[in-house]
Amino acid sequence: MDSAPAKRRKLNHKKDATDVALESAASTGVSRSRAFVLETEELLDSVRLDYGAALEGADDLLHRIKGVVEGIKAHEPLPVAEAAFKLEKKHKIKVPFPDPRPQENTNYKVAFAKPAQFNVVGSYVSKTMITTQKSHGVDMVLVLPQEILQEKDYLALRYFYKRAYYLAVIAAALQKELGSEAQLSYEQLNGNHLCPVLAIQPTASNSRDLDKKTLDYRIRIIPCAPDGFFPKAKLHLGASLIRKGREGVANASTEPTPFYTSTLVAETCFLSYLKVLKQAEKKCAAFKNACILGRIWLQQRGFGGDISQGGFGHFEWAVLLALLLQGGESKGQAALSASLSSTQLFKALIQFLSVTNFAEKPCDFGSGNADLEALLEHGPILYDSTRQLNIAFKMGPWSAALLHQHARWTRSLLADSTADQFNPIFILKTDVPSHSYDLIARINLDKASEETGADARGQTWQLSTKVYRILKRALADKEMGQRARLIHIQAQARPTWPLTEEPKAPETSPLEIGILFDPVNMARTVDRGPSAGPSAQEKEECERFRRFWSDKSELRRFERDTIRETLIWTSTTPFDLCEEIMRYVLGLHLRIGQLHDEITVYGNGLPALLSLKPADTALFNVAKKAFGTLERDIRDLEDLPLRASGKWPESLVAIQRTKIAFLLMIGRLLESSKPTEIKTHVGLEDAKYETENLAFLDVLYESGPSFRLRIHSDLEESLLERQVKDKTAEQYLRQRATTLLATFRRLYTNLPLHGQYISTSGTRFPALSPTIRLVKHWFNAHKLSYHFTEEFIELAVLHVFLTPYPWDAPTSASTGFHRTLLFLAHWDWRSEPLVLDTSGEMSAAERSSIATRLEAWRKIDPNMNHTVLFVATAQEPSGVAWTTLDGQPKPSKVVATRMTALARTATRLVRVQGVELDCRMLFVPSLKDYDVLIHLNSKAVKSTLKTYATIDPQEEGESLGRPTKFKNLDERTGLEPLPLAQHPAELFLEHLSAAYGGPLVFFRGGVEDSTIGAIWNPQMQKRTFKINLPTSYKPVAGEKRSSGGEDGDGEEDYVEVNKEAILSEIARIGADLIDKIEVKGA
């Protein structure tokens, strides 16, 4: 899909970040891609919820709940401990007090009276729910009456204790009234332990719901405080409202409690924000649809209003969009026009989030509070001055950074007019850690500090904050060079609990850390710190550096005689370096991570499968150096014409003979130039026609490297083109010329360009090369590699790096591998071409031409007998160079379908099992799907691999105590080098495919694979006998069909594939190479 997003002007970061973000958001969405708009409109239609069916009976139940609550008898104030005891004794219900619970000798009292107001809020009212939500809920807000509250209840959790008791009284009444008609439980509002709510899930009663015990929605009862009841002057973000610790001991510290304060303010703003959202709906017709698009975007990225989901969900998106529409900034002008469409509003808000990181600079909608900057150390700030609420109070700095990063990635995608924008933004789920992070670690909270902090956030939050600050200092230090581009911390969601129990403490659940590498800096083994100079500032920087790194820091002298604080790490790979640094700093500052059971690290299992090491690069460099040596040796040859010549014969047959003469001459010259170092041998191709290449030259160096040379003649291509266009020639000759021309261009034009580009891309993307090796290993493990060219696999992986959306380019082999499988699982190769802009300049017209070419192929060949996968690059736009070999599709439709099925199974396994997945399971082949298994004899294979290019026949005979095997070899012949050996299993499979490729489809992996799988072709079923049948058939006993002749007495015999005879022939051909043949069901 092509799009033309609006051009974005450069931002002046010297301005206030909020003003810049609002101006940028206001200028976004002026022009739109029609295709993107149509797709989003179709998406909106498909996800709309049928409220009558999905939330059947919700309105009646809400009215019934309201009546029950209004009927609860009020009672006079009682001491909180006494009231809780009486309620539990009478109704067997626990009061869900937040932690720490009120003391037994607490002197303040709780009471119950009829709610001052009932209101239904949230997505049920705005009709912005979608069908793909994990759960559907209806929120009913009950405003506590002022007579049961006191003005100072904002201090020391007093309001929250009264709120919890109020909720428990309502729960007791509703449980008595509803009985078995609903299931009641407590849960925490958005994971905030200060705010328990009552969840009511109705049981199924209709006949069509008998297969389900409960309906798929729940109603949440949310008590809240009256708007404006608490003095606003006391509820500023810098206020310290908790003065007592867990045991009731007064704290002398006046540390701010912004989370507690924001929770209290949020309790008074339910109805206020309901009005804000209603006004936005009236003002902007597209507001609802923009909110639905935002919900989908957030949901696909794992974001939600719950603290465990980042603390930024549909409500925060809707409120932020409403504030931008209303003009929340100090100038009083709306940042966004109400006339914008839903897609324009969506793009505008994405633009706003991409330039605004709430964790680095406060974003203030209102008068501009200068004191907010000092409070950033407590968490991100998105401040609504009118209602005095930090909308981002549930977010951590890690979730704010992740939201900002996702918005930047999405903005980059929207700016790329050549990429598919819709699917990465709204369809692909990006919440799987293995797809997003290069290293994932889990910390056992049982070993962590039990400090909870003064802000009532809990132990998990306190530990998360400390871990994040330490890791950010260690891995994201800009002065030393950022090793990590993103650090994210994921806590477990807090579960619901029965009315009869206390809330379960979540502190025993592990803390999950995800780290996204900077591929260049993470491989650094030496960190250069501040310079150890004589100035006071330098001394202070060095002292601060040593305080953080402790004994790890040491002084080292570098170039220009500079002396710096230095860190030396022993690990060599990026993953091991990150783990080493993480264990060191967390052990140093938090005393965790010294033992391996305290920190469990995931993500290195895939590279370990292939033993990928930094030394691999040196081995590749040795091979490249050897090739350079060959090139110099050939160029140094005298009397060898290496330039284009006009003396080639005007005949394809003669050209092939001339090539043989050239190869013989080159071999002779090489051997004479270096007689002790080089041996050569001319070998013959397995050619079918005299017009195709007939020979090659093997060049063997005494030091080990071997090369195969073929000669390229420009005239050969011209002659083949002439034959293809010659309409007077026979059709079969033109078809043969077409196949030979494609083979010629693939060998002499496309492959060199492909090799150069992959080599260049490997330098540009450090993770590309190991990712390609992993993906090839996956194809080998599942016996697919025989049907795919290596170039296709390399291009499929490269696509993930060139078009990485909805992420950035992979920065490790693990993420690259998982994203490649995700691409293969979602790629609809039947209707979509794989297009790689390898030049960086491919136009929309060129992409459209490639898509049109695929459509034409599908019309010409609907059964995909000649073209299955369509892969085009800027240098090779035909689309079939890498997926067709010798005129046959590689792979066939059957094999391509299997590739997709295996990739989908693998991605499903990764999603379900998460980081606990043993990555070796992804490479275990399923042999039960094959009809025939041909097990090769490994000893026979190794014996066949022996060639006299490396073993002297005389020495072999003498070592075995017997004469040489071949009597007809004289001394000269025995020393002649043989052609480079082809693996016997590979050669055997080629012959099987040539002879029995019709009735059987064969599967085999890499060199180490000792089992050939095969399935019977379902298209070759029982048929009537006729001459020239494609394979061996046998009569079907007792089955005949009337021939329908004029005399009416003609009959034809039915025949079927003679499977037993075919397998017997395979066993005969394989001989000792085959250990056994296993037939399914036999």
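**Figure 1. Q1019 in a loop of the predicted model.** A residue is called exposed when its relative accessible area is over 50%, buried when that value is under 20%, and partly exposed in between. In this predicted model, Q1019 has a relative accessibility of 65% and therefore counts as exposed. Q1019 is found in the loop that runs between strand β27 (1011–1016) and strand β28 (1023–1024). Although Q1019 and P999 are 20 residues apart along the chain, their C-alpha atoms are separated by 8.4 Å.

**Figure 2. The protein as a whole.** Before the remaining close-ups, it helps to have the overall picture, in which the protein contains 33 helices and 31 strands. Of its 1082 residues, 50% are buried, and the protein exposes about 52,300 Å², of which carbon and sulfur atoms supply 50%. Among the contacts with a separation of 6 or more, 69% are made by residues 24 or more positions apart.

**Figure 3. A positive surface patch that includes K282.** Four lysines, K127, K278, K282 and K288, form a positive patch on the surface. One of them, K282, belongs to helix α9, which covers residues 270–283. With a relative accessible area of 75%, K282 lies over the 50% limit and is therefore exposed.

**Figure 4. Two cis peptide bonds that lead into prolines.** In general, most peptide bonds are trans. The bond from D99 to P100, however, is cis, with omega near 5°, and P100 sits in the loop between helix α5 (80–91) and strand β2 (109–112). A cis peptide bond also joins K890 and P891, where omega is about 10°. P891 is placed in the loop between strand β24 (888–889) and helix α28 (893–913).

**Figure 5. Positive phi values at L157 and R591.** Most residues other than glycine have a negative phi. L157, which is not a glycine, nevertheless has a positive phi, near 65°, and R591, also not a glycine, has a positive phi of about 60°. L157 lies in the loop between strand β4 (136–143) and helix α7 (158–178), whereas R591 lies in the loop between helix α18 (574–590) and strand β17 (599–602). Which of the opposite words, buried or exposed, applies to L157, and which applies to R591? L157 counts as buried because its relative accessibility is 4%, while R591 is exposed because its relative accessible area is 71%.

**Figure 6. S185 and its contacts.** S185 is part of strand β5, which covers residues 182–188. The relative accessible area of S185 is 17%, and S185 is therefore buried. Which residues is S185 in contact with, leaving aside its neighbours within four places in sequence? They are V197, L198 and A199, together with T496, W497 and L499.

**Figure 7. Salt bridges between D45 and R48 and between E373 and K361.** The structure holds 48 salt bridges, and this view presents two of them. In one, the side chains of E373 and K361 meet with an N to O distance of 3.9 Å. This pair links distant parts of the chain, twelve residues apart, with E373 in the loop between strands β8 (363–365) and β9 (382–384) and K361 in the loop between helix α12 (342–354) and β8. Both partners are partly exposed, since E373 has a relative accessibility of 44% and K361 has a relative accessible area of 33%. In the other, the side chains of D45 and R48 meet at 3.8 Å, N to O. D45 is exposed, with a relative accessible area of 55%, while R48, at 40%, counts as partly exposed.

**Figure 8. A buried salt bridge in helix α18, and a network.** E579 and R583 form a salt bridge in which the closest N and O atoms are 3.1 Å apart. Because the two residues are four residues apart in helix α18, about one helical turn separates E579 from R583. E579 counts as buried at 16% relative accessibility, and R583 likewise counts as buried, at 12%. Elsewhere, a network of salt bridges links E88, K94, R101 and E502.

Note on methods:
Residues are numbered from 1 along each chain as its sequence is written. This is a predicted model: local features need pLDDT of at least 70, side-chain atom pairs count only at pLDDT 80 or more; totals for chains, interfaces and linings use all residues. Side-chain values use heavy atoms; hydrogens and water are left out. Patches are made of residues with over 30% relative accessible area and no salt bridge: like charges are joined within 9 Å, nonpolar side chains (Val, Leu, Ile, Met, Phe, Trp, Tyr) within 5 Å. Accessible areas come from the Shrake-Rupley method with a 1.4 Å probe; for residues, only the protein chains shown count as cover. Lys and Arg count as positive and Asp and Glu as negative; His and the chain ends are not counted. The place of a charge is taken as NZ of Lys, CZ of Arg, CG of Asp or CD of Glu. Buried means under 20% relative accessible area, exposed over 50%, partly exposed in between (1.4 Å probe, protein chains only). Contact means heavy atoms within 4.5 Å.
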